[in-house]
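Biologist: I have a structure open in front of me and would like to learn how to read it. Could you take me through it piece by piece?

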2 protein chains.
Amino acid sequence: MDNRQIVLVRRPVGQVDSSTTSLVSSPRPVCGEGEALIKVAMLSIDPTIRTWMDDAPGYLPPIGLGDVVRGSGTGVVVESRSERYHVGEVVFGMTDWQEWVLATDDRRFSVVPQGLGLDLATVMNVLGVTGITAFFGLTDVGQMKEGDVVVVSGAAGATGSVVGQIAKARGAAKVVGIAGGPEKCAEVVEKYGFDECLDYRQGGLRQQLTESCPQGVDLYFDNVGGEILDVVLTNVAMHARVVLCGAISQYNATGARRGIENTSMLIVRRGRMEGFIVSDYANRFVEAQTVLAAMVLAGQLRHQEHVVHGLEKAPEALNLLFSGGNHGKTLVEVDESVRLG
Amino acid sequence: MDNRQIVLVRRPVGQVDSSTTSLVSSPRPVCGEGEALIKVAMLSIDPTIRTWMDDAPGYLPPIGLGDVVRGSGTGVVVESRSERYHVGEVVFGMTDWQEWVLATDDRRFSVVPQGLGLDLATVMNVLGVTGITAFFGLTDVGQMKEGDVVVVSGAAGATGSVVGQIAKARGAAKVVGIAGGPEKCAEVVEKYGFDECLDYRQGGLRQQLTESCPQGVDLYFDNVGGEILDVVLTNVAMHARVVLCGAISQYNATGARRGIENTSMLIVRRGRMEGFIVSDYANRFVEAQTVLAAMVLAGQLRHQEHVVHGLEKAPEALNLLFSGGNHGKTLVEVDESVRLG
């Protein structure tokens with residue numbers, strides 16, 4: 001009874017390649033007292049996983065060499081020796097990149113919402129960490145107010161596309177996306193309903209932004225860091241809020257990180273720049289999930305999932321996040337038999 | 001009846017030199033209905049004045065070429081055709097760099113606190129914008145709490161030295177200054193009572209800071225920007241607050257501004273970086289002034305003023321802020337006859 005796993009064997013320089021990870025086979029874990037055995041169904045592929053592969057300070061320790069790659073996902077409880085879990089339940093937590101995982105006191109799982117008529121990929125996207133990140137980043141860290149001019153980078157991405165739609169639904173004066181290439185920009189406007197989308201690959205982003213937001217940006221939701229963050233800082237409005245959610249432009253960087261030159265604009269415009277991690281909101285997840293579920297069921301929240309099939313494809317799926325080759329939330333299906341009620 | 005004035009004639013590249021300003025003589029202004037004529041006593045020399053000389057976006061428009069250099073100061077009311085001002089009062093406001101100025105509806109002055117037994121220079125320092133900036137930056141923007149590890153750059157400077165003393169008085173676990181050279185560092189510890197002072201000129205600041213604050217920095221009050229800001233960001237504690245008060249290291253910079261590479265630490269540690277301008281607190285100045293006055297009178301607030309004599313010396317006095325040649329708050333005495341009661 002094997003447990004196929006993807007382990008980190010070499011720290012990547014730049015993007016992950018075939019020498020970074022290795023597919024190994026271990027014995028399936030045995031369920032001890034107070035534990036539950038979970039068969040992994042689907043992995044959530046998130047940019048932050050790439051940061052855990054570096055030997056650098058982060059909000060979690062680096063993944064050790066020889067360890068299974070860390071990551072969240074869903075699965076189904078197949079055996080339980082804990083009152084907390086029941087056989088047949090679909091649960092969410094840190095599955096890591098493998099076929100089987102134990103729920104323990106140190107590794108807890110939460111029940112995935114069912115009965116909404118939504119498939120597992122959709123729930124993992126909009127009701128999972130992606131949607132929840134978008135919700136709290138915008139409303140709590142960013143303190144979004146009606147009438148705000150909101151700019152979102154990575155606007156065609158899983159988090160960014162949800163941020164813009166929540167902002168529209170909550171009365172933003174204008175929602176402007178930033179994305180790479182005409183195809184993604186068209187998707188941001190036509191599918192996700194942003195008012196405009198600026199194509200950073202076209203060049204002249206500073207000029208594009210000034211024309212798009214002549215009164216300045218009240219709230220900037222940053223998924224990318226680097227040069228785009230620096231450009232938006234030049235055009236912040238008074239009392240602007242800059243929400244630092246991620247810095248995907250820097251995660252694969254091999255040289256020095258790109259320095260941000262315009263932090264002084266936070267003095268000039270009395271702005272605030274603040275970072276967060278969604279897990280800080282763990283005891284408030286249900287607050288976001290209920291709002292997001294209502295929006296999805298009302299047809300107010302468009303979403304897209306990019307499902308890659310097979311555990312062994314997880315490293316390639318991670319690279320899609322950086323190449324822009326994905327469309328929407330990237331997931332890896334490990335076991336196609338799991339269905340939500 | 002002349003009014004000697006210092007006007008901006010050329011935008012400086014790097015530091016101010018003899019070609020930047022010119023001393024001119026204009027007719028003394030005539031006091032109209034609703035106005036008051038003020039004889040300027042003392043100018044406050046602040047780093048921000050240098051930023052107004054550049055043709056760049058700021059919280060106030062650039063000083064126009066041919067215009068009197070902008071700046072705050074004190075003076076005495078010598079004629080009044082306004083109910084707001086009374087002859088003989090000592091007042092504070094935007095005097096600009098000249099001997100005479102009119103108080104008008106657009107240019108209002110406030111009364112300088114008297115009766116405390118303090119001289120004008122002291123009042124302009126600790127009860128003026130310098131002390132008020134320190135107070136609100138630390139307590140309001142920085143939300144300082146008892147037990148915080150507080151780091152202050154420009155610690156021997158007018159603002160920094162006050163910040164550290166307020167932090168000590170309010171129960172900081174540790175107050176660490178950053179200053180340039182052994183003499184200033186000794187002053188920060190021995191005179192202003194900081195627990196430690198790190199000498200950035202000595203090199204290895206990152207290592208010095210890690211050793212000084214092994215649990216990380218809860219609150220960083222930044223007066224300098226640039227490389228020192230970047231180093232402190234590498235060592236912020238969870239939920240750290242970075243108060244951006246000024247970026248004096250960048251104001252005379254002639255090349256590209258130095259980029260900040262470690263903004264991602266605000267995500268990792270869920271930190272907040274926020275800028276402010278003291279004038280935002282105009283309607284709360286008295287709140288700071290009463291606390292600061294009590295501290296001075298109780299001997300809890302050490303302070304030092306560096307008074308330069310003569311209006312014509314104002315440009316040189318401004319350069320002292322950047323060369324480190326000043327000790328304490330830099331002021332230019334324009335009329336030595338003005339005394340507080």
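Modeller: Happily! Keep in mind that this is a predicted model. Let's start with a pair of helices in chain A: the crossing of α6(A) and α7(A) is right-handed.

Biologist: How do people describe a pair like that, and what angle do α6(A) and α7(A) make?

Modeller: In general, two packed helices are described by the angle between their axes and the distance between those axes. Here, α6 (residues 205–212) and α7 (residues 226–233) of chain A pack at about 40°, and their axes are 10 Å apart. That makes α6(A) oblique to α7(A), because angles from 35 up to 65 degrees are neither roughly parallel nor roughly perpendicular.

Biologist: Which residues of α6(A) and α7(A) make the contact?

Modeller: From α6(A) come Leu205(A), Arg206(A) and Leu209(A), while α7(A) brings Ile228(A), Val231(A) and Val232(A). Sorted by class, this contact of α6(A) with α7(A) has five nonpolar residues, no polar ones and one charged one.

Biologist: What about α6(B) and α7(B) in chain B: at what angle do they pack?

Modeller: For α6(B) and α7(B) the angle is about 40°, with the axes 10 Å apart. These two helices are therefore oblique to each other, and their crossing is right-handed. Leu205(B), Arg206(B) and Leu209(B) of α6(B) meet Ile228(B), Val231(B) and Val232(B) of α7(B). The class count for α6(B) with α7(B) is five nonpolar, no polar and one charged.

Biologist: Can we practise on another pair? How do the axes of α3(A) and α4(A) cross?

Modeller: Helix α3 (residues 129–141) and helix α4 (residues 158–169) of chain A have axes that come within 8 Å and cross at roughly 50°. That makes α3(A) oblique to α4(A). The crossing of α3(A) past α4(A) is right-handed. Among the residues that meet are Ala134(A), Phe135(A) and Leu138(A) in α3(A), and Val162(A), Val163(A) and Ile166(A) in α4(A). By class, the contact of α3(A) with α4(A) has eight nonpolar, five polar and no charged residues.

Biologist: Now for strands. How do they join into a sheet, and how many strands form the open sheet here?

Modeller: The general idea is that strands of a sheet pair through backbone hydrogen bonds, either parallel or antiparallel. In this model, twelve strands form an open sheet with mixed pairing. Trace the order with your finger: β10(A)-β9(A)-β8(A)-β11(A)-β12(A)-β13(A)-β13(B)-β12(B)-β11(B)-β8(B)-β9(B)-β10(B). The edge strands, which pair on one side only, are β10 (196–199) of chain A and β10 (196–199) of chain B. Ignoring direction, neighbouring strands of this sheet are turned by 15° against each other on average.

Biologist: Do β8(A) and β11(A) run parallel or antiparallel?

Modeller: Parallel: three bridges join β8 (residues 149–153) to β11 (residues 217–222) in chain A. Within this pair, Val150(A) stands opposite Leu219(A) of β11(A). There is a helix to find here too: α5 (residues 182–190) of chain A packs on the sheet, touching β9 (174–179) and β10 of chain A. The direction of α5(A) makes about 165° with that of β10(A).

Biologist: And where the chains meet, how do β13(A) and β13(B) run?

Modeller: β13(A) and β13(B) (residues 272–275) run antiparallel, joined by three bridges. For a landmark, look for Arg272(A), which stands opposite Glu274(B) in β13(B).

Biologist: How many residues does each chain give to the contact between chain A and chain B?

Modeller: Chain A gives 27 residues and chain B gives 27 residues. On the side of chain A that touches chain B, α9 (265–268) and β13 (272–275) each supply at least two residues. The largest share of that side, four residues, comes from β13(A). The side of chain A that touches chain B holds twelve nonpolar, eight polar and seven charged residues.

Biologist: Last one: what domains does the assignment give for chain A?

Modeller: The domain assignment gives domain 1 (2–112 + 304–333) and domain 2 (129–279) in chain A. Their centres, taken over C-alpha atoms, are separated by 29 Å. The contact takes 15 residues from domain 1 and ten residues from domain 2 of chain A. On the side of domain 1 of chain A that touches domain 2, α1 (48–52) and α11 (314–323) each supply at least two residues, and α1(A) gives the most, with three residues.

Notes
Residues numbered from 1 in each chain as written. Chains lettered and ligands numbered in written order. Predicted model: local features only at pLDDT ≥ 70, side-chain atom pairs only at ≥ 80, totals over all residues. Axes fitted to C-alpha atoms, helices over the stretch in contact; angles between N-to-C directions. Parallel < 35°, antiparallel > 145°, perpendicular 65-115°, else oblique. Left-handed = near helix turned anticlockwise from the far one by under 90°. Contact = placed C-beta atoms within 7 Å. Nonpolar A, V, L, I, M, F, W, Y, C, P; charged D, E, K, R; others polar. Domains from an automatic or database assignment. Pairing = 2+ DSSP bridges.
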